[in-house]
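Hi there,

Here is the structure I promised to pass on to you. Have a look at it first, and then read on for what turned up.

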Amino acid sequence: MEEEMKYTFEQLEEDLGLGHEIEFVYQGEKYSITQTDKGWNIMKFYDYETLQIFNNVMDLLKDARIKSKQLKDIWADVEVTTIF
């Protein structure tokens with residue numbers, strides 16, 4: 001039986017730094033991290049009240065919150081579904 005490969009927070013940091021965008025599930029809810037002309041965004045799918053905008057990847061990784069928790073603190077419980 002193969003052990004599931006975990007997508008680490010370090011891999012997230014590297015992929016976002018290369019300009020990739022990510023979709024993931026946390027506690028049964030879908031989220032996305034995308035880049036727009038306004039900066040780097042993170043939000044729950046179709047819920048613009050959760051939209052957070054950051055000037056760069058490092059600020060997003062450091063300051064973004066999901067349910068009041070930092071990304072690095074919840075990342076072990078995230079399931080990455082798509083990397084663009």
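Right after helix α1 comes G19, which has a positive phi, near 100°. Please keep in mind that this is a predicted model.

The helix itself spans residues 9-17, and F9, L12, D15 and L16 are its buried residues. They share one side of α1, because the arc they cover around the axis is only 120°. E10, E14 and G17, on the other side of the helix, are exposed. And what covers the buried residues? The cover includes the strands β1 (22-26), β2 (29-36), β3 (39-44) and β7 (79-83), along with the helices α2 (57-63) and α3 (71-74).

Next, the nonpolar core. The largest one has 21 residues, and L12 and L16 are among those with the most contacts inside it, as are F24, I33, I42, L60 and L71. At least two residues of this core come from each of α1, β1, β2, β3, α2 and α3. Beyond its neighbours within four places in sequence, L12 is in contact with Y7, I22, I33, L61 and W75.

D15 is worth a look too. This residue of α1 is buried but has no salt bridge, and K6, the nearest side chain of opposite charge, is 13 Å away. What does the side chain of D15 have a polar contact with? The partner is the side chain of Y7, at 2.6 Å. Not counting residues up to four places away in sequence, D15 touches H20 and I83 as well as Y7.

Enjoy exploring it!

Best wishes

Conventions: Residues are numbered from 1 along each chain as its sequence is written. This is a predicted model: local features need pLDDT of at least 70, side-chain atom pairs count only at pLDDT 80 or more; totals for chains, interfaces and linings use all residues. Side-chain values use heavy atoms; hydrogens and water are left out. Buried means under 20% relative accessible area, exposed over 50%, partly exposed in between (1.4 Å probe, protein chains only). Helices (H or I, at least four residues) and strands (E, at least two) are DSSP runs, numbered from the N terminus. The arc is that of the directions from the helix axis to the C-beta atoms. Contact means heavy atoms within 4.5 Å. A nonpolar core is a set of buried Ala, Val, Leu, Ile, Met, Phe, Trp, Tyr and Cys residues joined through side-chain atoms within 4.5 Å. Lys and Arg count as positive and Asp and Glu as negative; His and the chain ends are not counted. A salt bridge is a side-chain nitrogen of Lys or Arg within 4 Å of a carboxyl oxygen of Asp or Glu. A polar contact is a pair of N or O atoms within 3.5 Å; within protein, one must be able to donate a hydrogen and the other to accept it, and residues adjacent in sequence count only if both atoms are side-chain atoms.
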